[in-house]
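Hi,

Here's the structure I said I'd pass on. Have a look at it first, then read my notes underneath.

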Amino acid sequence: MTASTDTLPTDVRKAINALYETFARYALPPSSSYSTQTTISEADVRALRSRPLRELTGRDLSKYAMKALTTWGDEDEFRHYLPRLLELLAVEPSWTDAATLLGKLSTARWRSWPEPEQRAIEEYLTAISVPVVQRALALDLAGLALGASNAGVALAPLVDAWKTTPGVQPVAQLAYLVGLERDALLRDGTVGRKWSEDARRELGALLRSNDTRRRFEEAFFQMKDPAESENVSLALGVLETMPRI
């Protein structure tokens, strides 16, 4: 779903503005280092310097989002772009892989950053949890969950948001994740090894819950979209047969 920043929920807008305020001290560096042995070009670098930070689009930032800190730039440059990168996750669909981008936080060793910077990121991730499970943002639950796992962030706020947000959209979102993790769930009773151990524990407990299965059953009969109904039905079959570890 496409949304402009102006139409975002108030707490999400506040969290995004806090990111800009917190990371404002990281100015655009005079130059940007990058590996000439990759697909990064001088034109790519110029594109990021062609307009103010808050006017950069997903197209401008897509290559940087995938290559930051590995073959392009350092931690301070990443922190300069971070508010816009996280803002675009909420408002612009399909411009990057959310799990990869959020995983860059671990590459940047963000848990060693000043406490206000860590808090601003955590508050952003918490603020977007409910709109994500409602499918009110460009980012989906599966992408946010795996991204948080890659960043070393607890999934408790997202799990709580799923449990407490009414309607069928949270179920449709979780059903999609179940479909992605079907083989691991049927084999191990939790999501696969690409997830952190904390995420495997939190998601496994959610998906093995009797309350979750009941909610899937109830939502199935309320679904209006045939494709979503089919996804929920298939996911329910996984939840009913996966090991109860």
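Before the notes, one term: a residue counts as exposed when its relative accessible area is over 50%, and as buried when that value is under 20%. Also, please keep in mind that this is a predicted model.

Let's start with R59, which sits in helix α3, residues 58-67. Its relative accessible area is 76%, so R59 is exposed. Try finding T96 as well: R59 and T96 are 37 residues apart in the sequence, yet their C-alpha atoms are 8.9 Å apart in space.

Now for helix α4, which runs over residues 75-91 and so has 17 residues. Is α4 enclosed by the rest of the structure or not, and why? Since 16 of its 17 residues are buried, α4 is largely enclosed by the rest of the structure. From first C-alpha to last, α4 reaches 24 Å, close to the 24 Å you'd expect at 1.5 Å a residue. Even so, α4 isn't straight throughout: there's a bend of about 45 degrees at Y81, and a proline, P83, follows within four residues. At the N-terminal end of α4, D74 acts as a cap, with a side-chain oxygen 3.3 Å from the backbone nitrogen of D76.

Next, the empty spaces. The largest pocket has a volume of about 340 Å³. It is lined by 21 residues, and the ones closest to its centre are D97, A98, D140, A142 and G143. Three helices each give two or more residues to that lining: α5 (98-107), α8 (141-151) and α10 (169-180). Sorted by class, the pocket lining has 13 nonpolar residues, five charged ones and three polar ones.

What about cavities, meaning spaces that a probe can't get out of: how many are there of 30 Å³ or more? The count comes to one. The largest cavity has a volume of about 50 Å³, and its lining is made up of L141, A145, L155, L158, V159, W162, L174, L203 and L206. The elements that give two or more residues here are α8, α9 (156-164) and α12 (197-208). Of these, α9 gives the most, with three residues. By class, the cavity lining has nine nonpolar residues, with no polar and no charged ones.

If you want somewhere to begin, colour the residues closest to the centre of the largest pocket, including D97 and D140, and then the ones lining the largest cavity, W162 among them.

Cheers

Note on methods
Residues are numbered from 1 along each chain as its sequence is written. This is a predicted model: local features need pLDDT of at least 70, side-chain atom pairs count only at pLDDT 80 or more; totals for chains, interfaces and linings use all residues. Side-chain values use heavy atoms; hydrogens and water are left out. On a 1 Å grid over the protein atoms alone, a cavity is a set of points where a 1.4 Å probe fits but cannot get out, and a pocket is an open set with protein on both sides within 12 Å along at least five of seven lines; lining residues have an atom within 4 Å of a point. Grid points are joined across faces, edges and corners, and a volume is the space filled by probe spheres set on the points. Ala, Val, Leu, Ile, Met, Phe, Trp, Tyr, Cys and Pro count as nonpolar, Asp, Glu, Lys and Arg as charged, and the others, Gly among them, as polar. The expected span of a helix is 1.5 Å times one less than its number of residues. The bend at a residue is the angle between axes fitted to the seven residues ending there and the seven starting there. Buried means under 20% relative accessible area, exposed over 50%, partly exposed in between (1.4 Å probe, protein chains only). A polar contact is a pair of N or O atoms within 3.5 Å; within protein, one must be able to donate a hydrogen and the other to accept it, and residues adjacent in sequence count only if both atoms are side-chain atoms.
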